[in-house]
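Here is a small set of exercises to work through with the model open in your viewer. Try each task before you read its solution.

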Amino acid sequence: MFLPKMYQKSIYEIPYPKLKEKGIRCLVFDLDNTLRLLEEKSPNPKTKKLIKTLQQDFKVLLLSNSVSKEVLAYREDLGIEGIGSARKPSTKGLKEIATQYHLKNSEMAMIGDQLVTDVLAGNRFGAYTIYVDPLGKKDLKITYFNRFIERRIINHYQRKGKFKRGEYYES
Ligand SMILES: [Mg+2]
C-alpha cells in the first residue's frame, strides 16, 4: 500500500510524456515539499513554468491537507484549481476530483513527498502514484512523526531491492 508506482528525485524529473502514453489525464500534486518549500509564499518561476507546460497536456490540480489563506493565495498565483482540506490518506479529495472532472481512477496520478499521506491515499484510490523526495528538510511539526515511519517503510522495501529512484512499479 505504501509502494509508489514511480519514484523520482523531484517533480522536474518525472517523465510526463510517458504518463500521457499510459492514459493519465490528470495530475494531482501535493503542495508542501512537493511543489514548494514550506517557506515559499508564492510560486517561483521554475514551478510556474512547469505547471503551465503541463497544463497543455493534463488537467493539473492541487490536493493539500492545508486550507490556509496562504495556500489559497499560492494556488491562485500558480493558476491551478484544487481541493483544500484533503485529509490524506483519506481518498475523499481524490474522489471529489474524479466526480467533478469525470475522471476514472486510472486516469489520475497522485504526486507527493509523503508515503503515509500522498502515496497511501493514491494507492487506496487506485490512482497512479508518484513519490518524490521532499524539496526541503523543513517540515510541518505534524510531519516529523510521518517521516520517522516513512524512513522505516523505505528501508524495508530497499532491503528487498525495491524503491529505487527512477524505477517503475506496476503493482
Ligand atoms: Mg508534502
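**Exercise 1. The cover of helix 5**

Task: Find what covers the buried residues of helix 5, and list which residues of this helix are buried.

Solution: Start with the surroundings. The cover over the buried residues of helix 5 includes helix 4, strand 5, strand 6 and helix 6. Please keep in mind that this is a predicted model.

Next, go along the helix, which spans 115-125. A residue counts as buried when 20 or more other C-beta atoms lie within 10 Å of its own. By that test, the buried residues in helix 5 are Leu115, Thr117, Asp118, Val119, Leu120, Ala121, Gly122, Asn123 and Phe125. That is 9 of its 11 residues, and helix 5 is thus mostly covered.

Finally, step past the end of the helix. Gly126 follows helix 5 and has a positive phi, near 95 degrees.

**Exercise 2. The order of the strands**

Task: Work out the order of the strands in the sheet and identify the edge strands.

Solution: Begin with the succession along the chain. The protein chain has 6 helices and 6 strands, and from the N terminus they run β-α-β-α-β-α-β-α-β-α-β-α. The radius of gyration is 15 Å, close to the 16 Å that the globule rule gives for 171 residues, so the chain is as compact as a globular protein of that length.

Now follow the pairings, starting from strand 2. Strand 2 pairs with strand 5 in the parallel sense over 4 bridges, and here Cys26 stands opposite Met108 in strand 5. Strand 2 also pairs with strand 3, again parallel and over 4 bridges, with Val28 opposite Leu61 in strand 3. Strand 3 in turn runs parallel to strand 4, joined by 3 bridges, and Leu63 stands opposite Ile83 in strand 4.

Put together, the 6 strands form an open sheet with parallel pairing in the order 1-6-5-2-3-4. Strand 1 and strand 4 are the edge strands, each pairing on one side only. On average, neighbouring strands of this sheet are turned by 25 degrees against each other, direction ignored.

**Exercise 3. Crossovers around strand 3**

Task: Trace the chain into and out of strand 3 and give the handedness of the crossovers.

Solution: Check the setting of the strand before tracing. Strand 3 is mostly covered, with 4 of its 5 residues buried. Coming in, the chain goes from strand 2 through helix 2 (residues 45-54) to strand 3, and this β-α-β crossover is right-handed. Going out, strand 3, helix 3 and strand 4 make a β-α-β unit that is right-handed too.

**Exercise 4. The nonpolar core**

Task: Describe the largest nonpolar core and say which element gives the most to it.

Solution: Recall the general tendency first. In soluble globular proteins, nonpolar side chains tend to be buried together.

In this model, the largest nonpolar core has 39 residues, and those with the most contacts inside it are Val28, Leu94, Met108, Ala109 and Ile111. Elements giving two or more residues to this core include strand 1 (6-8), strand 2 (26-29), helix 3 (69-78) and strand 6 (128-132). Helix 5 gives the most, with 5 residues.

Then look closely at one member. Leaving aside its neighbours within four places in sequence, Leu94 is in contact with Val28, Met108, Met110, Ala121, Phe125 and Ala127.

**Exercise 5. Backbone features to check**

Task: Examine the backbone at Pro89, His102 and Phe163, and decide whether His102 and Phe163 are buried or exposed.

Solution: The background helps here. Most residues other than glycine have a negative phi, and most peptide bonds are trans.

Take the peptide bond first. From Lys88 to Pro89 it is cis, with omega near 15 degrees. Pro89 sits in the loop between strand 4 (81-83) and helix 4 (92-101).

Turn to phi next. His102, in the loop between helix 4 and strand 5 (108-112), has a positive phi of about 55 degrees although it is not a glycine. Phe163, in the segment after helix 6 (141-159), also has a positive phi, near 65 degrees.

Last, compare their surroundings. His102 counts as exposed because it has 8 C-beta neighbours inside 10 Å. Phe163 has 20 such neighbours inside 10 Å and therefore counts as buried.

Methods. Residues numbered from 1 in each chain as written. Predicted model: local features only at pLDDT ≥ 70, side-chain atom pairs only at ≥ 80, totals over all residues. Buried ≥ 20, exposed ≤ 12 C-beta atoms within 10 Å, placed from the backbone. Rg over C-alpha atoms; globule rule 2.2 N^0.38 Å. Core = buried A, V, L, I, M, F, W, Y, C linked by C-beta atoms within 7 Å. Contact = placed C-beta atoms within 7 Å. Pairing = 2+ DSSP bridges. Right-handed = clockwise from strand over helix to strand, strands pointing away. Axes fitted to C-alpha atoms, helices over the stretch in contact; angles between N-to-C directions.
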